[in-house]
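Work through these exercises with the sequence and the model side by side. Try each task before reading its solution.

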Amino acid sequence: MNIVLDTNVLVSGLLTPFGPSGEIVRMISAGLLTLMVDARILSEYREVLHRPKFQFNHDQIDDLLDYIRLSSRIVSSVPLKKPLPDPDDEPFLEIAVSAKAACLITGNRVHFPKKSCQGVKIVSPSEFIDLYRDLE
């Protein structure tokens, strides 16, 4: 299944590995999900995961980012028809639209108003887990 993963879900999955976000990160690591990304998203993942406040091991984060870069699908995108309230969220939706991703998983659904989403399904981590289990 092709998905777009907001940075907040990746961080949450690493901080709380036994919650829904952690389950999604494990599913990505197991190859059950394919991330759709571009250079902007990879750059944001790197910048955020290396922030001192998280105290992640930098070597382990670099290994994770290498895995993500190698296992993800790099997608070219076009600008959105309607801008989002936070321009920093736009790359995630642009990639989801362009890749025709199954969904964009985020902890901040309010940042993605339905009128701007061009039919992309925006789900929380727990909603995604429920959706995934229903497909099994």
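**Exercise 1. Lay out the fold.**
Task: State how many helices and strands the protein has, and give their order.

Solution.
- Step 1. This is a predicted model. The protein has six helices and five strands.
- Step 2. Read from the N terminus. The order is β-α-α-β-α-α-β-α-β-β-α.
- Step 3. Look at the contacts between residues at least 6 apart in sequence. Of these, 61% join residues at least 24 apart.

**Exercise 2. Judge the overall shape.**
Task: Set the radius of gyration of the protein against that of a compact globule with 136 residues.

Solution.
- Step 1. A compact globule with 136 residues would have a radius of gyration near 14 Å.
- Step 2. The protein has 14 Å, so the value agrees with the globule rule.
- Step 3. Add the outline. The C-alpha atoms fill a box of roughly 40 × 35 × 25 Å along the principal axes.
- Step 4. Add the burial. Of the 136 residues, 45% count as buried.

**Exercise 3. Follow helix H2.**
Task: Find which residues of H2 are buried, and what they pack against.

Solution.
- Step 1. Helix H2 covers residues 20-29. Its buried residues are Ser21, Gly22, Ile24, Val25, Met27 and Ile28.
- Step 2. Recall the geometry of a helix. An α-helix has 3.6 residues a turn, so residues three or four places apart point the same way.
- Step 3. Now list the partners. Among strands, the buried residues of H2 pack against S1 (2-5), S2 (34-37) and S4 (103-105). Among helices, they pack against H1 (7-15), H4 (58-71) and H6 (125-135).
- Step 4. Look past the helix. Glycine 31 follows H2, and its phi is positive, near 80°.

**Exercise 4. Sort the salt bridges.**
Task: How many salt bridges does the structure hold? Then describe the pairs of arginine 40, arginine 51 and arginine 69.

Solution.
- Step 1. The structure holds seven salt bridges.
- Step 2. Arginine 40 pairs with glutamate 94, with the closest N and O atoms 2.8 Å apart. This pair links distant parts of the chain: arginine 40 is in helix H3 (residues 39-49), glutamate 94 is in helix H5 (residues 90-99), and they are 54 residues apart.
- Step 3. Check burial on both sides. Arginine 40 counts as partly exposed because its relative accessibility is 37%. Glutamate 94 is buried because its relative accessible area is 7%.
- Step 4. Widen the view. Asp38, Arg40 and Glu94 are linked in a network of salt bridges.
- Step 5. Arginine 51 meets glutamate 47 at 3.0 Å, N to O. Arginine 51 has 32% relative accessibility, so it counts as partly exposed. Glutamate 47 has 44%, so it is partly exposed.
- Step 6. Arginine 69 pairs with aspartate 66, with the closest N and O atoms 2.3 Å apart. Both lie in helix H4, three residues apart, about one turn of the helix. Aspartate 66 is partly exposed at 32%, and arginine 69 is partly exposed at 38%.

**Exercise 5. Place serine 124.**
Task: Is serine 124 buried or exposed, and which residues does it touch?

Solution.
- Step 1. Locate it. Serine 124 lies in the loop between strand S5 (122-123) and H6.
- Step 2. Apply the cut-off. Buried means under 20% relative accessible area. Serine 124 has 15% relative accessibility, so it counts as buried.
- Step 3. Leave out residues up to four places away in sequence. Serine 124 then touches Ile105, Thr106 and Arg109.

**Exercise 6. Explore the empty space.**
Task: Describe the lining of the largest pocket and that of the largest cavity.

Solution.
- Step 1. Recall the approach. Rolling a probe the size of a water molecule over the atoms shows where empty space is left.
- Step 2. Start with the largest pocket. It holds about 160 Å³ of space. Its lining is Arg109, Phe112, Lys114, Cys117, Gly119, Val120, Lys121 and Ile122.
- Step 3. Class these residues. Four are nonpolar, one is polar and three are charged.
- Step 4. Turn to cavities. There is one cavity of 30 Å³ or more. The largest cavity has a volume of about 40 Å³.
- Step 5. Name the lining of the largest cavity: Leu5, Leu10, Val25, Ile28, Ser29, Leu35, Leu64, Tyr67 and Ile68. H2 and H4 each supply at least two residues of this lining.
- Step 6. Class these too. Eight are nonpolar, one is polar and none is charged.

Note on methods: Residues numbered from 1 in each chain as written. Predicted model: local features only at pLDDT ≥ 70, side-chain atom pairs only at ≥ 80, totals over all residues. Heavy atoms only, no water. Buried < 20%, exposed > 50% of the residue type's maximum accessible area, 1.4 Å probe, protein only. Helix = DSSP H or I, 4+ residues; strand = E, 2+ residues; numbered from the N terminus. Contact = heavy atoms within 4.5 Å. Salt bridge = Lys/Arg side-chain N within 4 Å of Asp/Glu carboxyl O. 1 Å grid on protein atoms, 1.4 Å probe; cavity = no way out; pocket = protein on both sides within 12 Å on 5 of 7 lines; lining within 4 Å. Points joined across faces, edges and corners; volume = space filled by probe spheres on them. Nonpolar A, V, L, I, M, F, W, Y, C, P; charged D, E, K, R; others polar. Rg over C-alpha atoms; globule rule 2.2 N^0.38 Å.
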